[in-house]
Protein chains: 2
Amino acid sequence: MAGLKLLGLVASPFVVRVRMALSMKGVSYEYAEEDLKNKSELLLKSNPVHQKVPVLIHNGKPICESLVIVQYVDEVFAGPPILPTDPYERATARFWAAFIDDKLCPAWIGILRAKAEDERAEKVTETFAAIGQMEEALAKSYEGKAFFGGESIGYLDIVLGSCLFWFEAFRRMYKVEIINSSKVPLLAAWAERFGKSAEAKELVPEADEAVQYVNKRAAAAAAAAAK
Amino acid sequence: MAGLKLLGLVASPFVVRVRMALSMKGVSYEYAEEDLKNKSELLLKSNPVHQKVPVLIHNGKPICESLVIVQYVDEVFAGPPILPTDPYERATARFWAAFIDDKLCPAWIGILRAKAEDERAEKVTETFAAIGQMEEALAKSYEGKAFFGGESIGYLDIVLGSCLFWFEAFRRMYKVEIINSSKVPLLAAWAERFGKSAEAKELVPEADEAVQYVNKRAAAAAAAAAK
């Protein structure tokens with residue numbers, strides 16, 4: 001679509017959220033992959049505060065931060081609603097989306113960034129704690145539903161589901177099983193349903209993308225250290 | 001109003017946001033002050049994840065996290081809109097509200113919690129950096145407007161304005177002037193307008209409340225240490 005451009009990164013779960021939202025609305029757009037080692041002028045100009053992807057540029061105007069973008073996409077484009085239409089359910093979805101970004105994501109991304117084993121172990125513990133709270137949420141607020149969004153994928157499914165390919169990569173790389181079916185059976189069943197959905201199959205990258213991203217970064221860091 | 005109860009704390013800027021939102025909608029409600037040293041069963045049951053105020057309980061159902069609550073209040077009650085009605089302006093307001101909670105608040109609250117002078121100095125630097133970015137936002141996205149909300153107070157005014165009585169307390173306690181008119185003239189002019197608004201006069205506490213809160217905590221900590 002003329003007038004709609006997404007600045008992204010294949011391995012970013014935050015970008016996946018926006019791609020899924022745009023897909024749910026049936027909107028086409030131009031996609032530009034960013035190189036985080038050499039960010040484009042457009043990215044720096046469009047998101048001067050955080051200088052991060054995703055940025056959605058709509059008719060020349062930038063929207064930044066994945067949760068803000070997904071809500072914007074939901075409000076601006078016709079198509080099935082992404083956020084729940086009931087205000088209380090919407091508040092609940094926003095609460096858990098904030099929890100995912102404030103508690104869960106810093107924990108699991110911390111596993112990746114940890115420089116020492118004890119730091120990694122601490123972040124693993126934090127990740128399991130946050131995942132345990134998500135399991136409780138599923139049991140209480142979303143009892144009997146196939147997805148957080150009800151019978152089909154919605155806001156919270158996108159927000160959490162966008163992280164799943166990284167969780168699979170962690171299982172392979174670190175033997176850390178973030179969503180373990182014996183510990184969090186509801187989340188595990190949800191993750192399986194999510195993975196089988198048309199939206200996820202189309203837009204959530206394979207775990208290989210995350211593994212490659214990690215290996216590439218490690219190689220670049222090693223090359224820099226060897227200089 | 002029967003069916004509407006707010007669990008709060010006078011000195012909490014996050015609670016002030018909710019009180020201002022409810023006031024803008026002309027909604028009456030029951031208010032219960034929490035004792036953070038001895039949280040009520042209702043608070044623990046209503047917000048098991050964070051165990052924090054504010055919690056708004058509407059017809060028996062709890063809503064937690066101030067930004068989520070303010071949006072809920074805006075969507076559920078009639079009255080003047082709190083968030084901008086234009087989707088792009090709404091996205092911009094949500095972006096800056098997230099910035100305030102993710103960058104500015106951890107910085108200024110960090111000044112309060114700092115245990116050493118160098119840590120305090122670091123948090124002061126972070127606070128000034130975040131405030132400088134808010135000044136740029138005012139210059140670019142909100143040029144010529146009396147308030148972030150336009151001619152009257154809106155979402156972002158509530159989100160930032162709720163912190164101002166703490167900034168004044170910091171000026172008195174630490175000689176740290178977070179909003180200094182020579183450094184951030186647009187924000188300083190905005191803060192003056194905000195302070196004169198009927199909403200702020202009615203609902204934003206005096207800086208004394210913040211000073212007393214700090215002194216009470218310090219006294220309690222000293223008493224605990226002396227035991």
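This report walks through the salt bridges, one helix, some backbone oddities and the charged surface patches of a predicted model.

A few ground rules come before the details. Local features need pLDDT of at least 70 and side-chain atom pairs count only at pLDDT 80 or more, while totals for chains, interfaces and linings use all residues, and side-chain values use heavy atoms, leaving out hydrogens and water. Residues are numbered from 1 along each chain as its sequence is written, with chains lettered from A and ligands numbered from 1 in the order in which they are written.

**Salt bridges**

Side chains of opposite charge can pair when their charged atoms come close. Here a salt bridge is a side-chain nitrogen of Lys or Arg within 4 Å of a carboxyl oxygen of Asp or Glu. Over all chains, the structure holds 24 of them. Three are set out here, with the closest N to O distance for each.

| Acidic partner | Basic partner | N to O distance |
|---|---|---|
| Asp74(A) | Lys25(A) | 2.9 Å |
| Glu75(B) | Arg90(A) | 2.8 Å |
| Asp208(B) | Arg172(B) | 2.9 Å |

Start with the salt bridge between Asp74(A) and Lys25(A). Asp74(A) sits in helix H3 (residues 66-76) of chain A and Lys25(A) in the loop between helix H1 (13-24) and S2 of chain A, so the pair ties together parts that are 49 residues apart in sequence. For the secondary structure, helices (H or I, at least four residues) and strands (E, at least two) are DSSP runs, numbered from the N terminus. Asp74(A) and Lys25(A) are both buried. On this scale buried means under 20% relative accessible area, exposed means over 50%, and partly exposed is in between (1.4 Å probe, protein chains only).

Next up is the salt bridge of Arg90(A) with Glu75(B). Arg90(A) is in helix H4 (residues 87-113) of chain A and Glu75(B) in helix H3 (residues 66-76) of chain B, so this pair joins two chains. Arg90(A) is buried, at 15% relative accessible area, whereas Glu75(B) is partly exposed at 30%.

Then there's Asp208(B), which forms a salt bridge with Arg172(B). This pair links distant parts of its chain, with Asp208(B) in helix H10 (residues 207-226) of chain B and Arg172(B) in helix H7 (residues 164-174) of chain B, 36 residues apart. Asp208(B) is partly exposed at 40% relative accessible area, and Arg172(B) is partly exposed at 38%. Over in chain A, Glu168(A), Arg171(A), Arg172(A) and Asp208(A) are joined into one network by salt bridges that share partners.

**Helix H3 and the annotated domain**

Back to H3(A): nine of its 11 residues are buried, so the helix is largely enclosed by the rest of the structure. Among those buried residues are Leu67(A), Ile69(A), Tyr72(A) and Asp74(A).

The UniProt record (unreviewed entry) lists residues 86-214 of chain A as "domain: GST C-terminal"; such annotations may be inferred rather than shown by experiment. That stretch is 74% helix and 0% strand, and its end C-alpha atoms are 40 Å apart.

**Backbone oddities**

Have a look at the prolines. In chain A, the peptide bond from Val53(A) to Pro54(A) is cis, with omega near 0 degrees, and Pro54(A) is in the loop between H2 and strand S3 (55-58) of chain A. In chain B, the bond from Val53(B) to Pro54(B) is cis too, with omega near 0 degrees.

Chain B also has positive phi values outside glycine. Asn59(B) has phi near 50 degrees and is found in the loop between S3 and strand S4 (61-64) of chain B. Asn59(B) counts as exposed, at 59% relative accessibility. For Lys175(B), phi is about 55 degrees, and this residue is in the loop between H7 and helix H8 (185-196) of chain B. Lys175(B) is exposed as well, with a relative accessible area of 70%.

**Charged patches**

Patches are made of residues with over 30% relative accessible area and no salt bridge, with like charges joined within 9 Å. Lys and Arg count as positive and Asp and Glu as negative, leaving out His and the chain ends; each charge is placed at NZ of Lys, CZ of Arg, CG of Asp or CD of Glu. Accessible areas come from the Shrake-Rupley method with a 1.4 Å probe.

Lys37(A), Lys52(A), Arg113(A), Arg217(A) and Lys103(B) gather in a positive surface patch. Lys37(A) lies in the loop between strand S2 (30-33) and helix H2 (41-46) of chain A and is exposed at 74% relative accessible area. Glu33(A), Asp35(A), Glu206(A) and Glu209(A) form a negative patch. Glu33(A) belongs to strand S2 of chain A and is partly exposed, at 43%.

Note on methods:
Patch = residues over 30% accessible without salt bridge, like charges linked within 9 Å, V, L, I, M, F, W, Y side chains within 5 Å.
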